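Visitor: I have just opened this structure and would like some help reading it. Could we walk through a few features together?

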Amino acid sequence: MSASPKVQERVDALRELLHHHAHRYYVLDEPEIPDAEYDKLFQELQALEEAHPELRSPDSPTQRVGGGVLEGFARVRHKVPMLSIRTETDIEASGARSFDARVRRELGLGEGDPPVEYVAELKFDGLAISLRYEDGVLVQAATRGDGEIGEVVTQNIRTIGQVPLRLSARGKGTPPVPPVLEVRGEVYMRRDDFERLNEQQREKIARGAKNEKTFVNPRNAAAGAVRQLDPAIARQRPLSFFAYGWGEIVGGPAFETQYELLETMRAWGLPVSQHTRRARGAEELVAFHQSIGASRDQLPYDIDGVVYKVDSLALQKRLGFVTREPRWAVAHKYPAQEQLTTVESIDVYVGRTGKLTPVARLQPVFVGGVTVTNATLHNEDEARRKDVRVGDTVIVRRAGDVIPEVVAVVPDKRAAGAQPFTMPTHCPVCGSDAVREEGEADYRCTGGLVCGAQRKQALLHFAQRRAMDIEGLGEKLVDQLVDAGVVRTLPDLYRLGLAHLVALDRMGEKSAQNLLAGLEQSKNTTLPRFLYALGIRHVGEATARDLARHFGQLDTIMDASAERLLEVPDVGPIVAESIHTFFAQPHNREVAEQLRACGVHWEDTEPTAQAPKPLAGKTVVLTGTLPTLSRDEAKDLLEAAGAKVAGSVSKKTSYVVAGAEAGSKLDKAQELGVPVLDEDGLRRLLSGGEA
C-alpha cells in the first residue's frame, strides 16, 4: 500500500528539519534544539520510512551517519567508516533487557544457552574523533564528518594533553603497538573547565570584547575548540579525551574481545574510562545502567547514557550491521537533561539575603528525571544576554540537583510583539528600593529589616553571638516565630511574652524564661555591635567599629551623607553608598528607633577627632573569663581606646588582662614580666588612670 500524500508531506518536512538541525549542530556548532528533540524527529522519520520503504531515499538523514564537512579543513576518507550506533529509547531497565533479547535472538540462543558477555561503557557527550598512529606516532586526527569523510584537525588535537603523541607498550606482557592503529574516541570538556571557560568569556564580554560569546554546554564548547582553524585558539580551550574503539588496524596481535583490546590500548598509553566494565547477561547490564545513573551527577563530565557492546569480536562479526548501525551495540540513554518548553511568565524571586533573581515560569516539562516548572535566569545581565521573553520557546537544562536554567531561546519561534525583560526598581515583596551596586551583577532589596523574604535571615544575623548575642534564639525557633506570625520585625523580639513562647512546639516554660532573660540581657550592648546586627550590606564587625569610633553616635551615622561616610578609615565609595542607602530608607530608620524604644541601649562616645586615646600604641592580650565583660566587649573597649589586641604574649606586649581560668598566656606574661591586670585594672586603664 503506497503512502498517502499527507505521509509524503510529513516525511519531506521531517527531512528538511533534520537537515537544518544537523547542519546547525555538526557544522556550525550552534544547535537550536536539544538532542532529545532531534532524536524524536529522527525516530519519527525512521518509523515512517520503515512503514513505507518506497519513501526511503539516499539523501534521507536516516541513511547518513553524521553531519557535513566544514569548509576550511582538509578532508580525509576514513579507512573504516565511523558509524553511529542505535539508540535504545526505553530509558528504564527494560532497555538493557530488550537489547540482550535482540542479540540472543540474532545469535539463535535459547533459554538453556549461557549469557552473552558484553562490554558496558559510558556514552560521553563530546565530539567523536579518529586518531591515526603509524609506528606508534600520531600522524593524523580527523572528525567523524559524514561517517565516510571527515575533517583533518590534527594540529588542534595535538594540543590536548590526554592525547599521546607516541604510543608504546607499557607493562610486562603488553604486545607491541601495531604499525597502523586508528583509535576512535571522544573529545570532551570537563564541567569545571567549562565553567572556568565561560567565566573567562563573560569577563571578555564585560570588557567590551567583540565577537565573544559564552557557550551553551560543554559539548558545544569542545566541538568549537576542535574545529578552530587557528590551533592557538584551540590550545586555550581545556579539552580532554577518552578512547573507546578503533578503526583500521594493520599488523599487530590478534584480539578476541572488545575488552581485551581496550585494556591493551590503555597499556599502550591511551586514556580509557575507568568506568568501562564487562557484564554477563541482561541483569548485569541493568545493574551497570542503574549504578552509573545514580552517580551520573557526580561525574566530572557530561554523559547522556551508557553503551553496551557484545564483547566477542567473532560474535560482532557474526551479528554484522543493519543500514547505518552495528547489530552488536546500542546506546542506552538516561532522561534528557535538556528539553524544549515555553515561558509563561518571568517573576523576580527575593532570596534570604535580599538578592533579586529573575525566574522563568515554564509550561511543565519532564527534564533530567523530574517535571520542571521554573528555571533561573540568574541576573539581569544573563537575562538580557539570553534575551528571554514571555511566550518564548526555550531550551531548559537540568543536571541532577542543579537548579534548572534556561540555556537558550529558539528565536524562530518567538511571537511578534514579545517584550524584553527588565528588572524592577523596587523589591516585589516589600516595595523597598532595589539597587545594583557598581561592579555587581545582582540587584538587591534595601529593606532587609522589613522585607518578608529576608525576615528569618535578618533575625538570625541580629541574634548571633558577635552581634546582639541573644542566647537561645536559633534557626528552628526563628522559623517557628516567623511562620506563626509572632515576629515580623526585629523590635517584635523584645515584645515577646511568656505566653507567646510556651505556645510554640517543643518550647517549655523554662526554655521560654531563658530566652526572655537572654533578650533582656542583650539590650545592654555597644554601638559597634548594634550597627553590625542591623545587617547593613558590606558592614562587617571592623567597619561597624570604625563607624562607631568616627561618629560616636547612631543619629550622626544615620544622618551622614555618602561624602561624610568616606571620611571613615577603610570606607570606600561602595560601602559608603550602601550605608547611606540603608539609612535613607524610612522603614530602616524606624526599626532602629523602635529598638531603642524597646530598651536597647549603649554608651555613646566622643567622635574620633575629639576622643582621647589613652592606650594608643599599646598592645594588650586577653586571657581567661572576666567577671562582667565578655571577650568581645573587652576587645571593643580596648580598640576604642586605641590599643591593639593581640592573640599571643611577647616582649612587645604592654599588658595582659587575665580572668578566671587563665591559661598559658598568663604564665608567659609572668615569665616575661609583662604587667597583668584584672577587670578592675582594665577599667581604670581605659579611664586614663593607673592600672
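Guide: Gladly! One thing to know at the start is that this is a predicted model. Let's begin with a helix that meets a sheet. Helix H3 (residues 94-107) lies across E2, E3, E10 and strand E13 (329-333), and its direction is at about 170° to that of E13. Helix H9 (residues 281-295) packs on the sheet as well, touching E3, E9, E10 and E13. Its direction makes about 140° with that of E9.

Visitor: What is the order of the strands in that open sheet of five strands, and which pairing does it have?

Guide: Strands of a sheet pair through backbone hydrogen bonds, and they can do so in a parallel or an antiparallel way. Here the order is E2-E13-E10-E3-E9, and the pairing is mixed. Strand E2 (86-88) and strand E9 (277-280) stand at the edges; each has a single partner strand, so one side of each has no neighbour in the sheet. On average, neighbouring strands are turned by 35° against each other, with direction ignored.

Visitor: How do I read one pair of strands, say E3 and E10?

Guide: Look at the sense of the pairing and the bridges. Strand E3 (residues 117-124) and strand E10 (residues 303-310) are antiparallel and share seven bridges. To find your place, start at Leu-122, which has Val-306 of E10 opposite.

Visitor: What is the strand order in the open sheet of four strands?

Guide: That one reads E22-E21-E23-E24, with parallel pairing. Its edge strands are E22 (644-646) and E24 (676-677), each of which pairs on one side only. Strand E21 (residues 619-623) pairs with E22 in the parallel sense over three bridges, and Thr-619 has Lys-644 in E22 as its bridge partner. Helix H22 (residues 631-640) packs on this sheet and touches E21 and E22. The direction of H22 makes about 170° with that of E21.

Visitor: Now the rings. How many aromatic pairs does a search of the whole structure find?

Guide: The search finds 14. For each pair, read the distance between centres and the angle between planes. Phe-321 and Trp-328 are edge-to-face, at 6.3 Å centre to centre with 75° between the planes. Another edge-to-face pair is Phe-462 and Tyr-494, at 6.4 Å and 80°. That pair links distant parts of the chain, 32 residues apart: Phe-462 sits in helix H12 (residues 455-463), while Tyr-494 is in the loop between helix H13 (475-483) and helix H14 (498-502). Ring pairs also join Phe-124, Tyr-188, Phe-242 and Tyr-301 into a cluster.

Visitor: Are Phe-462 and Tyr-494 buried or exposed?

Guide: Relative accessibility tells you, with buried meaning under 20%. Phe-462 counts as buried because its value is 0%, and Tyr-494 counts as buried because its value is 11%. In the other pair, Trp-328 is buried at 15%, whereas Phe-321 is partly exposed at 45%.

Visitor: What about empty space inside? How many cavities of 30 Å³ or more does the structure hold?

Guide: Rolling a probe the size of a water molecule over the atoms shows where empty space is left. This structure holds three such cavities, and the largest has about 100 Å³ of space. Residues lining the largest cavity include Arg-466, Tyr-532, Glu-541 and Asp-636. Helix H16 (527-533), helix H17 (541-551) and H22 each give two or more residues to that lining. You have already met H22, the helix that packs on the sheet by touching E21 and E22.

Technical notes: Residues numbered from 1 in each chain as written. Predicted model: local features only at pLDDT ≥ 70, side-chain atom pairs only at ≥ 80, totals over all residues. Heavy atoms only, no water. Pairing = 2+ DSSP bridges. Contact = heavy atoms within 4.5 Å. Axes fitted to C-alpha atoms, helices over the stretch in contact; angles between N-to-C directions. Phe/Tyr/Trp six-rings, centres within 6.5 Å; stacked < 30°, edge-to-face > 60°. Buried < 20%, exposed > 50% of the residue type's maximum accessible area, 1.4 Å probe, protein only. 1 Å grid on protein atoms, 1.4 Å probe; cavity = no way out; pocket = protein on both sides within 12 Å on 5 of 7 lines; lining within 4 Å. Points joined across faces, edges and corners; volume = space filled by probe spheres on them.
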